[in-house]
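This report addresses two topics: cysteine pairing and the contact between two chains. The sequence and structure are shown below.

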Amino acid sequence: MEQVIIEQVQKEIDRLAKKDVYIHLETTNGAYASHFDKSFFSSGAYIRNALLQYEHGKITGKGPYRVGLKMNFGWVYAEGITHFEIDEKGRLLLAGHDFEGKLAVALQLSETPF
Amino acid sequence: MEKERHVLVVFPHPDDEAFGVSGTIASYTQNGTPVTYACLTLGEMGRNMGNPPFATRESLSHIRKKELQDAANILGITDLRMLGYRDKTVEFENEEVLASHMSAIIKDVNPSLVITFYPGYSVHPDHDACGAAVIRAVKEMPAENRPKVHCVAFSHNCEEEIGQADIVNHVAAYANQKLAAIKAHVSQTQLMVSQTAINLENQDPEVIARFHYERFWTYPF
C-alpha cells in the first residue's frame with residue numbers, strides 16, 4: 001500500500017459510483033486490547049461483501065482522510081484512512097494504519113466479491 | 001513427557017502454536033512422535049501491517065499461510081491442516097457443526113493426546129470457541145476411547161478458577177526451534193521477537209521461565 005494520493009483515490013471512487021459494488025468495511029482495536037489494559041473498552045465492527053450502489057462518494061480531510069459514500073437511502077463512512085492500493089484485481093483497498101502500523105480501519109470496494 | 005502415539009494440536013490462528021506450545025511440539029517430533037496441526041483460520045484479520053505497510057487486508061492471508069507452513073516445517077510437523085474458517089468468526093459458527101468437524105479430524109488422526117485452548121480461559125473469542133468445539137467432540141466419544149486433552153490457558157482469572165497447570169514441560173533444549181518458529185510468523189511477531197531474543201540473551205529470569213517451560217491443564221472430563 002502507499003500513502004493516500006487524494007486525486008487518485010477520488011478517481012477510483014468516481015469510477016465505481018452507480019455500479020453494483022461489494023464493500024468490505026471494518027474497524028477494530030484487536031482482541032487483546034482489554035486483556036492488556038482493563039480500562040480499555042474494546043469495540044469493533046466488520047462487514048464483508050455487502051452488495052450496494054452509491055450515487056457519489058468523496059475522500060476528504062487533510063490526512064488521515066475520511067471517505068463517505070452516499071447511497072439512495074443511506075451512507076457508508078470510514079474515518080482514519082491513511083493508505084490505499086488498487087490491487088491486481090482492480091479493487092480499491094483503503095486502510096487506516098495507526099502509529100504502530102496496525103490496521104485500525106479498512107474500507108474496500110470491488111466489482112466482484114472479496 | 002509421556003510417550004504418545006500421535007499428537008493433535010488444534011488452534012485457530014497461525015502463531016497460536018508458536019508462543020506456548022512450539023517447544024512441546026518440537027520435543028514430540030524430534031522423538032519420532034507424529035504431530036498433526038489443525039489450524040482453523042489463516043489469521044486474515046490480523047492488524048500488524050508494518051510501517052510502511054507490507055500487507056493489505058486481502059494479501060495478509062497469503063502471507064500468513066506461508067508463515068504457518070514455514071513454522072510447521074521448523075517444528076517438524078508433516079501434517080498441517082488448514083481448515084478454512086475465517087479469523088474472528090469462529091465463535092459465530094454453528095457449534096454442533098464445528099464440533100463434528102473436530103470429531104472427524106480426531107477420528108482420522110486417532111491421537112493419544114490433543115492440545116488446544118481451555119474454553120473460557122483463553123482470552124480471544126476464537127480461542128475459547130476452538131477449545132469448546134474440541135472438548136465437545138472429545139466428550140461425545142466413549143470414555144474409554146477418549147484421548148487426553150491438554151489445554152493452554154492464560155486469562156487473568158485462570159489460576160484462580162482452574163488452579164495451577166498440572167503439566168509443565170521443560171523445553172529449553174528446543175529453545176532455538178521455538179524462537180525460529182516465533183520468527184517465522186514475521187507479520188505478527190517481528191515487533192516483539194528482537195526484544196525476546198535480547199531478554200533471553202540477558203538471561204532475564206522471568207523471560208527464561210516463560211520461554212523454557214510450557215504449561216498445560218489436563219481437561220477434566
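A disulfide is a pair of cysteine sulfur atoms within 2.5 Å. In this predicted model, that cut-off is met nowhere, as the structure holds zero disulfides over all chains. Two cysteines of chain B illustrate the point. The sulfur of B:Cys39 has its closest cysteine sulfur in B:Cys130, at 8.6 Å, which is too far for a bond. Taken from the other side, the sulfur of B:Cys130 finds its closest cysteine sulfur in B:Cys39, again too far for a bond at 8.6 Å. The table sets out the two residues.

| Residue | Closest cysteine sulfur | Distance | Relative accessible area |
|---|---|---|---|
| B:Cys39 | B:Cys130 | 8.6 Å | 0% |
| B:Cys130 | B:Cys39 | 8.6 Å | 0% |

With a relative accessible area of 0%, B:Cys39 is buried; B:Cys130 likewise counts as buried, at 0% relative accessibility.

The second topic is the interface. Chain B contributes 20 residues to the contact and chain A contributes 24 residues. Between chain B and chain A an area of about 2100 Å² is buried, and carbon and sulfur atoms give 54% of this area.

Polar and charged interactions also span the interface. Ten residue pairs are in polar contact between chain B and chain A, both residues being at pLDDT 80 or more. On the side of chain B that touches chain A, six residues are nonpolar, nine are polar and five are charged. Three salt bridges are found across the interface of chain B and chain A. A salt bridge joins B:Arg47 to A:Asp98, with the closest N and O atoms 4.0 Å apart.

Terms used. Residues numbered from 1 in each chain as written. Chains lettered and ligands numbered in written order. Predicted model: local features only at pLDDT ≥ 70, side-chain atom pairs only at ≥ 80, totals over all residues. Heavy atoms only, no water. Buried < 20%, exposed > 50% of the residue type's maximum accessible area, 1.4 Å probe, protein only. Contact = heavy atoms within 4.5 Å. Buried area = accessible area lost by both parts, 1.4 Å probe. Salt bridge = Lys/Arg side-chain N within 4 Å of Asp/Glu carboxyl O. Polar contact = N/O pair within 3.5 Å; in protein donor to acceptor, adjacent residues only side chain to side chain. Nonpolar A, V, L, I, M, F, W, Y, C, P; charged D, E, K, R; others polar.
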